[in-house]
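This report describes selected features of a protein model: its pockets, one helix, one histidine and some backbone details. Please consult the sequence and structure below while reading.

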Amino acid sequence: MANSKIQEIIEKQVLTVAKAVEDKIDDEIHALDRLDLDDLEALRERRLHQMKKMAEKKSRWISLGHGEYSEILSEKEFFSVVKASERVVCHFYRENWPCKVMDKHLAILAKRHIETRFVKIQAEKSPFLAEKLKILVLPTLALIKNTKVDDYVVGFDELGGTDEFGTEELEERLAKAQVIIFEGESSLHATKSRSSTRSVRQSSHPDSSDSD
């Protein structure tokens with residue numbers, strides 16, 4: 001009789017302890033659930049904010065002419081474009097085959113990289129700019145960041161020396177100059193762009209790129 005009574009007391013104590021442990025675990029689970037929900041909500045809010053900011057950026061870029069490869073018709077317009085956009089690729093061209101090859105690739109990249117403005121201007125009709133920027137070989141791409149010409153791509157020398165280069169080769173060259181945002185940039189060994197003066201002086205003589 002005494003033994004059964006002791007057994008009953010022990011069982012009650014065990015049940016009480018088990019219930020207390022169970023309640024504690026339940027409380028912890030609920031706390032974790034609430035924490036996870038809060039974290040998810042915070043992440044969701046942060047993501048929505050980022051998406052909203054990016055949508056606003058894209059809308060602004062499109063309003064400035066990003067996403068299309070367009071022609072600048074005057075030197076005055078060149079300065080307006082450079083002031084309006086943080087990153088600009090400007091193709092100084094003439095009506096010849098090498099420049100048409102460059103046009104083809106730039107038209108593709110303009111749609112691919114909406115963060116950058118892609119334009120072209122006829123060098124012969126822009127004598128002030130051509131002289132100021134020392135445009136000696138056509139095609140030449142002026143790579144502009146924050147209103148300053150930071151680098152140049154002169155002719156096809158850096159693109160294999162042939163007009164058969166791929167769009168991706170030009171894309172990597174522009175990414176190296178950090179004038180476009182490129183997902184594969186980590187494989188490019190991002191280095192500081194060469195100075196514009198050095199780039200121009202290295203191509204101080206017109207080569208075959210400037211032939212029809």
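## Basis of the description

Helices and strands are DSSP runs numbered from the N terminus, a helix (H or I) having at least four residues and a strand (E) at least two. The model is predicted.

## Loop residues with notable backbone geometry

Threonine 147 lies in the loop between E4 and E5. Although threonine 147 is not a glycine, its phi is positive, at about 70°. With a relative accessible area of 45%, threonine 147 is partly exposed, because that class lies between the limits of 20% for buried and 50% for exposed. Asparagine 146 is also placed in the loop between E4 and E5; its phi is near 55°, again a positive value in a residue other than glycine.

A further backbone feature occurs in the loop between H4 and E4, where proline 139 is found. The peptide bond that joins leucine 138 to proline 139 is cis, with omega at about 5°.

## The largest pocket

The largest pocket holds about 300 Å³ of space. It is lined by 15 residues, of which Met54, Trp61, Ile114, Glu115 and Ile181 are the closest to its centre. Helix H1, covering residues 2–63, supplies the largest share of this lining, with 5 residues. By class, the lining of the largest pocket comprises 7 charged, 5 nonpolar and 3 polar residues.

## The second largest pocket

The volume of the second largest pocket is about 200 Å³. Phe78, Phe79, Leu133, Thr147 and Val149 are the closest to its centre among the 13 residues of its lining. Thus threonine 147, described above for its positive phi, reappears in this lining.

Two or more lining residues come from each of helix H2 (75–84), helix H4 (127–132) and strand E5 (148–154). H2 gives the most to the second largest pocket, namely 4 residues. The lining here divides into 8 nonpolar, 3 charged and 2 polar residues.

## Helix H3 and its surroundings

Helix H3 spans residues 97–112, and its 16 residues should extend over 22 Å at 1.5 Å a residue. The C-alpha atoms at its ends are 23 Å apart, which agrees with that expectation. At the start of H3, a side-chain oxygen of asparagine 96 comes to within 2.9 Å of the backbone nitrogen of cysteine 99.

Which residues of H3 are buried? They are Pro98, Cys99, Val101, Met102, Asp103, His105, Leu106, Leu109 and Ala110. In an α-helix there are 3.6 residues a turn, so residues three or four places apart point the same way. The cover over the buried residues of H3 includes strands E1 (69–71), E2 (87–93), E3 (117–122) and E4 (140–145), together with helix H5 (167–176).

## Histidine 91

Histidine 91 belongs to strand E2, one of the elements that cover the buried residues of H3. Is histidine 91 buried or exposed? Its relative accessibility is 0%, so histidine 91 counts as buried, the limit for that class being under 20%.

The side chain of histidine 91 makes a polar contact of 3.0 Å with the side chain of tyrosine 69. Apart from neighbours within four places in sequence, the contacts of histidine 91 include Cys99, Met102, Asp103 and Leu106, each of which is also listed among the buried residues of H3. Histidine 91 further contacts Val119, Lys120 and Ile121, as well as Pro139, Thr140 and Leu141. Proline 139 among these is the residue joined to leucine 138 by the cis peptide bond.

Notes: Residues are numbered from 1 along each chain as its sequence is written. This is a predicted model: local features need pLDDT of at least 70, side-chain atom pairs count only at pLDDT 80 or more; totals for chains, interfaces and linings use all residues. Side-chain values use heavy atoms; hydrogens and water are left out. On a 1 Å grid over the protein atoms alone, a cavity is a set of points where a 1.4 Å probe fits but cannot get out, and a pocket is an open set with protein on both sides within 12 Å along at least five of seven lines; lining residues have an atom within 4 Å of a point. Grid points are joined across faces, edges and corners, and a volume is the space filled by probe spheres set on the points. Ala, Val, Leu, Ile, Met, Phe, Trp, Tyr, Cys and Pro count as nonpolar, Asp, Glu, Lys and Arg as charged, and the others, Gly among them, as polar. The expected span of a helix is 1.5 Å times one less than its number of residues. Buried means under 20% relative accessible area, exposed over 50%, partly exposed in between (1.4 Å probe, protein chains only). Contact means heavy atoms within 4.5 Å. A polar contact is a pair of N or O atoms within 3.5 Å; within protein, one must be able to donate a hydrogen and the other to accept it, and residues adjacent in sequence count only if both atoms are side-chain atoms.
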